[in-house]
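Welcome, and thanks for taking a look at this one. Below is a short briefing to help you find your way around.

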Amino acid sequence: MFLFGASGHAKVITEIIQLNGGSVSGFYDDDPLKKSLMGIPVLGNTEAYKPGNEKSLISIGNNRIRKKVTEQIEAKYGQVIHPKAVVSETVEIEEGTVVMAGAVINPFTKIGRHVIINTAASVDHDCQVSDFVHIAPKSTLCGGISIGEGTLVGSGSVIIPNTKIGKWATIGAGSVVVKDVPDYAVVVGNPARIIKFNSQL
Ligand SMILES: CC(=O)SCCNC(=O)CCNC(=O)[C@H](O)C(C)(C)COP(=O)(O)OP(=O)(O)OC[C@H]1O[C@@H](n2cnc3c(N)ncnc32)[C@H](O)[C@@H]1OP(=O)(O)O
């Protein structure tokens, strides 16, 4: 597998690939100072990538940059699920998505493309998680929640059942979301309140 991005998030993904018996053939990263990561070479910047049959993943935590890379590069994307994640057989997960250690995804939830379900996150039944979302470590999505494209659900936050979160929103770390969140809104606190809006794409 090839990985786009050679930072901390790439280390976590590399370890999962290796635990699953696979290997990373190399990284592509736009920082010319990066030569290798975990003993695996950085093969050049993203423009140096030549499409082939070997699958790739975008190992970049920033949701907007992950989306940009998919627009710039034509690649076949895989997915990785940590062997110690618990994912219901009824869950649908699309290409490019990664699920970290200790995450739990319960029945009939749908997860889009290039999503990060990070360490020990809990995504309960009947949720809809759109493309390029990041559910950060230890956050909790109760049942029936929908999350719009590109939203960051910050570490340790809790979202109560049947809530709708818009696209490209940010839920601050540790927030408790008790009502719907509009597109681009940044919310923090308990109960979570809007403090500003992210810029539109
Ligand atoms: C493996 C990994 O590392 S995955 C990483 C996952 N990442 C995260 O969980 C990070 C989530 N990000 C946050 O919580 C950030 O603090 C954000 C995005 C909500 C706000 O960041 P910024 O835009 O830089 O805002 P800034 O730090 O200027 O804070 C604005 C105000 O909100 C407050 N605030 C910021 N974050 C929070 C929060 N999580 N909870 C409560 N209040 C907060 C600040 O204290 C500040 O208040 P003040 O104006 O009274 O001083």
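A good place to start is the hairpin of β23 and β24, where 4 residues lie between the strands and G189 takes a positive phi near 95°. Please keep in mind that this is a predicted model. From the hairpin we can move out to the sheet, then to the ligand, the two domains and a few individual residues.

**The hairpin and its strands**

- Strands β23 and β24 pair in the antiparallel sense, with 4 bridges between them.
- Within β24, K196 is the bridge partner of V186.
- V186 also has a counterpart in the other direction, as T170 stands opposite V186 of β23.
- That second pairing joins β23 to strand β21 (residues 170–171) in the parallel sense, over 2 bridges.
- Which side chains of β23 (residues 185–188) are buried? Those of A185 and V187 are, and they point to one face, while V186 and V188 point to the other face and are not buried.
- This fits a general pattern: in a regular strand the side chains alternate between the two faces of the sheet.

**The wider sheet**

- β23 and β24 belong to an open sheet of 8 strands with mixed pairing, in the order β6-β9-β12-β15-β18-β21-β23-β24.
- Why do β6 (80–81) and β24 (193–197) each have one side without a neighbour in the sheet? They stand at the edges with a single partner strand each, so one side of each is left open in this way.
- Elsewhere in the sheet, β9 (residues 98–99) runs parallel to β12 (residues 116–117), and 2 bridges join them.
- In that pairing, V99 has I117 of β12 as its bridge partner.

**Around the ligand**

- The ligand has 14 residues around it, and A136, G154, S155, G172 and V188 come nearest.
- V188 is familiar from strand β23, where its side chain shares a face with that of V186.
- By class, the shell around the ligand consists of 6 nonpolar and 8 polar residues, with no charged ones.

**Two domains**

- The protein chain is divided into domain 1 (2–72) and domain 2 (80–197).
- Taken over C-alpha atoms, the centres of domain 1 and domain 2 are 23 Å apart.
- Where they meet, 14 residues of domain 1 are in contact with 13 residues of domain 2.
- On the domain 1 side, the elements giving two or more residues are α1 (8–19), β5 (56–58) and α2 (63–72).
- That side of domain 1 has 7 nonpolar, 4 polar and 3 charged residues.

**A site listed in UniProt**

- An unreviewed UniProt entry lists S7, G8, H9 and G61 under "binding site".
- These positions span 55 residues in sequence, yet no two of their C-alpha atoms are more than 9.0 Å apart, so they gather at one spot.
- Is G8, in helix α1, buried or exposed? G8 counts as exposed, because it has 11 C-beta neighbours inside 10 Å.
- H9 lies in helix α1 too, but H9 is buried, with 21 other C-beta atoms within 10 Å.
- Leaving aside residues up to four places away in sequence, H9 touches S59, I60 and G61.

**A loop residue, D30**

- D30 sits in the loop between β2 (26–28) and β3 (36–37).
- With 14 C-beta neighbours inside 10 Å, D30 counts as partly exposed.
- Beyond residues up to four places away in sequence, D30 touches N45 and T46.
- D30 and P137 are 107 residues apart along the chain, and 26 Å separate their C-alpha atoms.

Technical notes:
Residues are numbered from 1 along each chain as its sequence is written. This is a predicted model: local features need pLDDT of at least 70, side-chain atom pairs count only at pLDDT 80 or more; totals for chains, interfaces and linings use all residues. Domain bounds come from an automatic or database domain assignment. Two residues are in contact if their C-beta atoms, placed from the backbone, lie within 7 Å. Ala, Val, Leu, Ile, Met, Phe, Trp, Tyr, Cys and Pro count as nonpolar, Asp, Glu, Lys and Arg as charged, and the others, Gly among them, as polar. A residue is near a molecule or strand if its C-beta atom, placed from the backbone, lies within 6 Å of it. Two strands pair if DSSP finds at least two bridges between them. UniProt positions are given in the numbering used here, feature names are shortened, and annotations may be inferred rather than shown by experiment. A residue is buried if 20 or more other C-beta atoms lie within 10 Å of its own, exposed if 12 or fewer, and partly exposed in between; C-beta atoms are placed from the backbone.
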